[in-house]
Amino acid sequence: MLADMTSARNAGIPQPLLRSFFVLLLVAITSVSIINIPSGHAKERKLSLWFFEYGDARVYLLGSIHAMKAELYPLADPILDALRQADTVVFEIDLTKISSGEIASAMRKHGNYAYPKTIEGDLSLETSKVLSIYFASSELSFPKLKQMKPWYLMLTIGLWELKQAGFDPALGIDQYLQNLSEALGKQILELESFTEQIEILANYPIEIQDLSLRASLENLQDFEASLDLLLNAWREGDADGMLLLAQSDTEKYPELSAQLDELIDARNLKMADKIHEYVARSGTYLIVVGALHMGGKNGLVQLLGKKYKLHQLSY
């Protein structure tokens with residue numbers, strides 16, 4: 001019954017993951033660790049779910065996957081239990097506050113060139129070659145997409161490849177839990193705004209957008225192997241391991257390190273500050289954030305662990 005409540009009304013909402021490669025790798029993870037397993041049939045596994053108490057506040061922190069398949073529901077019982085107990089559910093963004101028209105307007109403003117300019121004038125020779133090879137073997141049409149800026153084209157290709165693999169952002173854990181939260185009458189809060197997320201991606205220098213697009217396309221060659229590695233990290237609840245895998249691009253392209261820091265570390269600091277504000281109040285909270293924000297020395301688990309005693313939950 002819970003699975004039937006999933007809605008596709010926000011299927012076109014892009015999620016703020018590092019770049020399309022990270023979208024493909026992170027949100028396409030489909031481990032049994034996020035679905036129910038009958039007791040006695042599997043070894044206990046850790047979840048990407050933490051819990052802590054502070055004063056009169058009880059807090060669950062969930063590392064989310066932004067796209068899923070319908071058959072992978074229901075979620076593990078501890079996740080659903082956390083939702084049931086929560087008075088307030090906090091997401092990266094509150095999808096109930098924005099309309100499809102506002103989303104489309106923002107994407108046109110930040111993601112498209114003004115006619116007659118196209119992406120062709122901004123791409124390096126190296127990226128143009130990789131892009132030409134990709135479109136030669138893809139069902140996507142470059143002429144229909146060349147008005148997009150590099151960051152938006154990168155995201156569009158990522159979402160396309162994701163759907164070809166059978167995954168749907170409309171079935172992502174964020175969207176699913178938001179639908180359930182609304183149905184259960186939970187208070188919904190957010191850590192960021194949709195506009196803030198889009199502006200982060202759109203404001204990078206064109207050279208960085210170009211390089212990010214190239215890196216994401218090159219990494220599609222190792223799609224299955226990379227998925228296996230991230231799958232294992234997710235199954236073990238290994239947030240640090242997932243982040244290390246996501247950082248691998250910076251070894252080949254160190255120019256992307258600053259982008260990674262802004263997309264992950266800098267946002268983690270702001271998210272942690274917002275979480276501190278919520279925790280200062282009483283009540284039970286479920287905080288749902290992309291799983292890449294959990295790991296590393298600047299991840300939310302470590303940042304929050306400086307003040308609170310976090311416990312990673314298992315099932």
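**Entry 1: the proline after helix 3**

I looked up Pro116 to begin with, and I found this residue in the loop between helix 3 and helix 4. I then checked the peptide bond that runs from Tyr115 to Pro116, and in this predicted model the bond is cis, with omega near 10 degrees.

**Entry 2: the chain as a whole**

I noted the secondary structure next, which comes to 14 helices and six strands. Of the 315 residues in the chain, 56% are buried. I also looked at how contacts are spread along the sequence, and among those with a separation of 6 or more, 86% are between residues 24 or more positions apart.

**Entry 3: the largest nonpolar core**

Which residues touch the most other members of the largest nonpolar core? I found that the core has 37 residues, and that those touching the most other members are Leu131, Phe135, Trp151, Leu153, Ile157, Phe194 and Leu213. I listed the elements that give two or more residues to this core, and they are helix 3 (100-111), helix 4 (125-136), helix 5 (142-145), helix 6 (150-164), helix 8 (194-202) and helix 9 (206-219). Helix 6 gives the most, with six residues. I also recorded that another core lies apart from this one, made of 25 residues, among them Leu75, Ala82, Val89 and Val288.

I followed Leu213 further, setting aside its neighbours within four places in sequence, and wrote down contacts with Ile119, Leu123, Thr127, Pro150, Leu153, Met154 and Ile157.

**Entry 4: helix 8 and Gln209**

I went through helix 8 for its buried residues and found Phe194, Gln197, Ile198, Ile200, Leu201 and Ala202. What covers these buried residues includes helix 3, helix 6, helix 9 and helix 13 (257-279).

From helix 9 I picked Gln209, and I asked whether Gln209 is buried or exposed. Gln209 counts as buried because its relative accessibility is 5%, where the cut-off for buried is under 20%. Leaving aside neighbours within four places in sequence, I found Gln209 in contact with Lys149, Pro150, Trp151, Leu201, Ala202 and Tyr204; of these, Leu201 and Ala202 are among the buried residues of helix 8. I also took the C-alpha to C-alpha distance from Gln209 to Leu123, which is 9.0 Å for two residues that are 86 residues apart in sequence.

**Entry 5: helix 2 against helix 7**

How do helix 2 and helix 7 pack, and at what angle? I found helix 2 (residues 77-85) and helix 7 (residues 173-183) at an angle of about 35 degrees, with their axes 11 Å apart, and the crossing of the two is right-handed. Helix 2 makes the contact through Ile79, Leu80 and Leu83, while helix 7 brings Tyr176, Leu177, Leu180 and Ser181. Sorted by class, this contact has six nonpolar residues, one polar residue and no charged residues.

**Entry 6: aromatic rings**

I counted the aromatic pairs of the chain and arrived at seven. The pair I looked at in detail is Tyr54 with Tyr308, which is edge-to-face, with 5.0 Å from centre to centre and 75 degrees between the planes. This pair links distant parts of the chain, since Tyr54 is in strand 1 (residues 46-54), Tyr308 is in the loop between helix 14 (300-305) and strand 6 (311-314), and the two are 254 residues apart. I compared their accessibility as well: Tyr54 is partly exposed, with a relative accessible area of 37%, whereas Tyr308 counts as buried at 4%. Ring pairs also bring in Phe52, which forms a cluster with Tyr54 and Tyr308.

**Entry 7: two further residues**

I stayed with strand 1 for Leu47, which is buried, with a relative accessible area of 2%. Leu47 and Gly63 are 16 residues apart in sequence, and I read 8.7 Å between their C-alpha atoms.

My last look-up was Asp265, which has its place in helix 13. Asp265 is partly exposed, with a relative accessible area of 22%. Without its neighbours within four places in sequence, I found Asp265 in contact with Leu260 and Asn298. The C-alpha atoms of Asp265 and Lys297 are 9.1 Å apart, while in sequence these two residues are 32 residues apart.

Technical notes:
Residues are numbered from 1 along each chain as its sequence is written. This is a predicted model: local features need pLDDT of at least 70, side-chain atom pairs count only at pLDDT 80 or more; totals for chains, interfaces and linings use all residues. Side-chain values use heavy atoms; hydrogens and water are left out. Axes are lines fitted to C-alpha atoms, for helices over the stretch in contact, and angles run from 0 to 180 degrees between N-to-C directions. Helices (H or I, at least four residues) and strands (E, at least two) are DSSP runs, numbered from the N terminus. A crossing is left-handed if the near helix is turned anticlockwise from the far one by less than a right angle, and right-handed if clockwise. Contact means heavy atoms within 4.5 Å. Ala, Val, Leu, Ile, Met, Phe, Trp, Tyr, Cys and Pro count as nonpolar, Asp, Glu, Lys and Arg as charged, and the others, Gly among them, as polar. Rings of Phe, Tyr and Trp (its six-membered ring) pair if their centres lie within 6.5 Å; planes under 30 degrees apart count as stacked, over 60 as edge-to-face and the rest as tilted. Buried means under 20% relative accessible area, exposed over 50%, partly exposed in between (1.4 Å probe, protein chains only). A nonpolar core is a set of buried Ala, Val, Leu, Ile, Met, Phe, Trp, Tyr and Cys residues joined through side-chain atoms within 4.5 Å.
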